[in-house]
Amino acid sequence: MGQGNSSRVAEFVLLGLSSSWDLQCFFFVVFNFLYIAIVLGNLLIVLTVISESALHTPMYIMLSNLSLLDVFLATYATPKMIHDFLHEPKTISFEGCMAQIFLLHVFAGGEMMLLVAMAYDRYVAICKPLHYTTIMNVCKCTSLVVGSWVIGVIHSLSQLAFTVNLPFCGPNIVDSYYCDLTLVIKLACTDTYVPEVLMLLDSGLMGVTSFLLLLISYTVILVTVRRRSSGMAKARSTLTAHITVVTLFFGPCIFIYAWPFSNFPVEKALSVFSTVFTPILNPVIYTLRNKEVKSAMHKLKTRYVNSRLPFQQALSQLNLLN
């Protein structure tokens, strides 16, 4: 165990997903592929929304920000995990560990708030369609997006405030592939009852409030859609995508934070699902069920192909001359 200038540990040892070399080699290939797919898929959505003026609406602006958050959520720990599959020992510095905790809660908290903002956007669009453009103007949309990021940062700082100054002077083994706050707190050389309670109150209040707001919003929206059965096919399709994404995001979170300081084997699988599989499923869910996004992507592809034609023709003429 490394020591700093004081008795604080200099690094933590991550046990990773498995100790089997064969499994780690398999995971290295699989997670490399998944991470590349996450980055490319979500950045494609961002590029599509930026390039297509028809998508410059509150719903798609929020969708592009959700894609950015998914890229960041997958990036705070996944590249490190992929690197560690082929390297021993799997260590991370104290500063790097605190950075992972901070980034996780910034992006997860921001995404939680953004999902609430997206639910509000759908509520206004479906329940108050005549007032939608007035209520969800550019200023309101920008405020909701920026507010999501700001709340994520504030939430993360509050989590880090009572963690970074804990005395970590003894055990430094974290049974995960990243610095999980609930596991790191238990390594402190002091009574961790108060930090654990503060963490639960902070994360619990934010999570429960967000979940209740989403539950109320989508219940009202579903009731409205059911009453207006005619001409609501597009709304149902969009609503299904939103509810699916919310379920994928909150499902693992609810389980992990319902028993935050109990080390269940399934927690590793749920953590991987939250940070790897959810970010790759989001673009699939939104693009497969959304004609506007698919149409805009087709236009983007056509524009790219057409932009390359003059270059290819000039290159062919040069080859003929030679």
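**Strand pairing**

I looked first at strand E1 (residues 11-14), which pairs with E2 in the antiparallel sense over three bridges. I take strands (E, at least two residues) and helices (H or I, at least four residues) as DSSP runs numbered from the N terminus, and I call two strands paired if DSSP finds at least two bridges between them. The model is a predicted one, in which local features need pLDDT of at least 70 and side-chain atom pairs count only at pLDDT 80 or more, while totals for chains, interfaces and linings use all residues. Residues are numbered from 1 along each chain as its sequence is written, and side-chain values use heavy atoms, with hydrogens and water left out.

Opposite phenylalanine 12 I found isoleucine 92 of E2. I then checked E1 against E3: these two pair in the parallel sense, over two bridges. Leucine 14 has valine 174 in E3 as its bridge partner. The three strands thus make an open, mixed sheet in the order E2-E1-E3. Its edge strands are E2 (91-93) and E3 (173-174), each pairing on one side only.

**Faces of E1**

I sorted the E1 residues by cover: Phe12 and Leu14 make up the covered face, Glu11 and Val13 the uncovered one.

**Helix H4**

I noted that helix H4 (residues 94-127) packs on the sheet and touches E1 and E2. Contact here means heavy atoms within 4.5 Å. The direction of H4 makes about 85 degrees with that of E2; axes are lines fitted to C-alpha atoms, for helices over the stretch in contact, and angles run from 0 to 180 degrees between N-to-C directions. From first C-alpha to last, the 34 residues of H4 reach 49 Å, close to the 50 Å expected at 1.5 Å a residue. The expected span is 1.5 Å times one less than the number of residues. I counted 27 of the 34 residues of H4 as buried, which means under 20% relative accessible area; exposed is over 50%, and partly exposed lies in between (1.4 Å probe, protein chains only).

**Cores**

Which residues touch the most other members of the largest nonpolar core? They are Phe31, Met62, Leu66 and Leu115, in a core of 65 residues. H4 supplies the largest share of this core, 16 residues. I use nonpolar core for a set of buried Ala, Val, Leu, Ile, Met, Phe, Trp, Tyr and Cys residues joined through side-chain atoms within 4.5 Å. Another core, of 21 residues, lies apart from it and includes Val9, Phe12, Leu14 and Leu183.

I listed the contacts of leucine 115, leaving aside neighbours within four places in sequence: Leu66, Leu214, Val245, Val246, Phe249 and Phe250.

**Isoleucine 243**

I found isoleucine 243 in helix H9 (residues 233-258). Is isoleucine 243 buried or partly exposed? It is partly exposed, because its relative accessible area is 28%. Beyond four places in sequence, isoleucine 243 is in contact with Tyr218 and Leu222. Isoleucine 243 and leucine 115 are 128 residues apart in sequence, and their C-alpha atoms are 9.7 Å apart.

**Two loops**

I located serine 176 in the loop between E3 and helix H7 (181-185). Serine 176 counts as buried because its relative accessible area is 3%. Not counting residues up to four places away, serine 176 touches Leu14, Leu15, Gly16, Leu183 and Lys268.

In the loop between H3 and E2 I came to proline 89. The peptide bond joining glutamate 88 and proline 89 is cis, with omega about -10 degrees.

**Whole chain**

I logged eleven helices and three strands, running β-α-α-α-β-α-α-α-β-α-α-α-α-α from the N terminus. Of the 322 residues, 46% count as buried. Among contacts between residues at least 6 apart in sequence, 77% join residues at least 24 apart.

**Confidence**

I read the mean pLDDT (the predictor's confidence in each residue, from 0 to 100) as 83, with 86% of residues at 70 or more. Among the elements, helix H11 (residues 291-321) has the lowest mean, 69, and helix H3 (residues 78-85) the highest, 93. Over residues 1-5 the pLDDT is below 50, and this stretch has ten contacts in the model beyond near neighbours in sequence.
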